[in-house]
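Have a look at the chain below before reading on. We will walk through it piece by piece, from its strands to its cores.

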Amino acid sequence: MENYKKEFIDFMIECEVLKFGDFVTKSGRKTPFFVNTGFYRTGSQLSRLGKYYAKAIRGSFGDDFDVLFGPAYKGIPLSVATSMALSDEGVDVKYCSNRKEVKDHGDTGILLGSPIKDGDRVVIIEDVTTAGTSIEETLPIIKAQGDVNVLGLVVSVDRCERGKGEKSALVEISEKYGLKTTAIVTMNEVVEYLYNREINGKLIIDDKLKAAIDDYYKIYGVK
């Protein structure tokens, strides 16, 4: 595993973004782990996060795109932080997000940030995708702006579990919409790295938690 992925996992634990316990996902699944990018709360944390996303994006999509689109609400700071990180690396792309409600006064419309126009090549940035619900809502908004080429989707963590069928959510999205998908890390990498590892004197994934994660993947894992 690359060092930046190990650093990113440590970073998620440090920021309490990656948690272990009893949670319910947006799609209604009871899960022993949860990723909440809303817990990145400081300027320095967002700066670091943007750099990790930028590395994953450049590794999969290169520099040849025009717009980084972050779906509301969590995608808004992600698109801003990552576009700034890309700029620091000499890659100047526009950021764009949608509003939850169409603005009918002043600067009207459904978009924040840069407009999207014919010919734009767009990469979508999100936190985590479990069942692909968000992408179904996002793509029509982007496509409604014109003849746009949506290149793909990047998330922070690939949960490595089934979407609506038997394949992983990211694979389903890739096949259904013809998009390239990537993540900074996969949950398989997270578990491999954290199992029996102490961080700041605390054992993160012990045998009991590892068994709970394994049981979860027996139900929701990709066959």
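How many of the ten residues of β8 are buried? Eight of them are, so that this strand is mostly covered, as the definition of buried (under 20% relative accessible area) lets us say. Keep in mind as we go that this is a predicted model.

**Strand β8 and its partners**

Let us stay with β8, which covers residues 149–158. Strand β6 runs parallel to β8, and five bridges join the two. Here Arg121 stands opposite Asn149 in β8. Strand β7, made of residues 128–129, also pairs with β8 in the parallel sense, over two bridges. The bridge partner of Thr129 in β8 is Asp158.

Then there is β9, residues 180–186. β8 and β9 pair in the parallel sense over six bridges. Two of the facing residues are easy to find: Val155 stands opposite Ala183 in β9, and the bridge partner of Val154 in β9 is Thr182. As you look along these strands, a general rule can help: in a regular strand the side chains alternate between the two faces of the sheet.

**Helix α5, between two strands**

β8, α5 and β9 together make a right-handed β-α-β unit. Helix α5 spans residues 169–177, and its buried residues are Ala169, Leu170, Glu172 and Ile173. Why do these four lie on the same side of α5? Because they cover an arc of only 160° around the axis. Just after α5 comes Gly178, which takes a positive phi of about 70°.

**Helix α1 and what covers it**

Now turn to helix α1, which holds twelve residues, 3–14. From its first C-alpha to its last it reaches 16 Å, close to the 16 Å expected at 1.5 Å a residue. Its buried residues are Tyr4, Lys5, Phe8, Ile9, Phe11, Met12 and Ile13. Which elements cover them? The list includes β1, α2, β8, β9, α6 and β10. After α1 comes Glu16, whose phi is positive, near 60°.

**The nonpolar cores**

Two of the buried residues of α1 appear again in the largest nonpolar core. This core has 47 residues, and Phe8, Met12, Met187 and Leu194 touch the most other members. Helix α2 (residues 43–61) gives the most to this core, with seven residues. Met12 touches Val17, Leu18, Tyr40, Val157, Val185 and Val190, leaving out residues up to four places away in sequence. There is also a second, separate core of 19 residues, and among its members are Ile116, Leu139, Ile141 and Val150.

**Three residues side by side**

The table picks out three residues to find in the structure.

| Residue | Where it is found | Relative accessible area |
|---|---|---|
| Ile184 | strand β9 | 0%, buried |
| Ala56 | helix α2 | 5%, buried |
| Gly119 | loop between β5 and β6 | 51%, exposed |

Why do Ile184 and Ala56 count as buried? Buried means under 20% relative accessible area, and Ile184 has 0%, while Ala56 has 5%. Gly119 counts as exposed because its 51% is over the 50% cut-off.

What does Ile184 touch? Leaving aside its neighbours within four places in sequence, Ile184 is in contact with Tyr4, Lys5, Phe8, Tyr52, Tyr53, Ala56, Val155 and Ser156. Tyr4, Lys5 and Phe8 are among the buried residues of α1.

Ala56 touches Val154, Thr182, Ala183 and Ile184, again not counting residues up to four places away in sequence. The C-alpha atoms of Ala56 and Ile184 are separated by 5.4 Å, although the two residues are 128 residues apart along the chain. Try a second pair: Ile184 and Gly28 are 156 residues apart in sequence, and 24 Å apart in space, C-alpha to C-alpha.

And what does the exposed Gly119 touch? Not counting residues up to four places away in sequence, Gly119 touches Asp66 and Asp147. The C-alpha atoms of Gly119 and Lys19 are 100 residues apart along the chain and are separated by 40 Å.

Note on methods
Residues numbered from 1 in each chain as written. Predicted model: local features only at pLDDT ≥ 70, side-chain atom pairs only at ≥ 80, totals over all residues. Heavy atoms only, no water. Core = buried A, V, L, I, M, F, W, Y, C linked by side-chain atoms within 4.5 Å. Buried < 20%, exposed > 50% of the residue type's maximum accessible area, 1.4 Å probe, protein only. Contact = heavy atoms within 4.5 Å. Arc of directions from axis to C-beta. Expected span 1.5 Å × (residues − 1). Pairing = 2+ DSSP bridges. Right-handed = clockwise from strand over helix to strand, strands pointing away.
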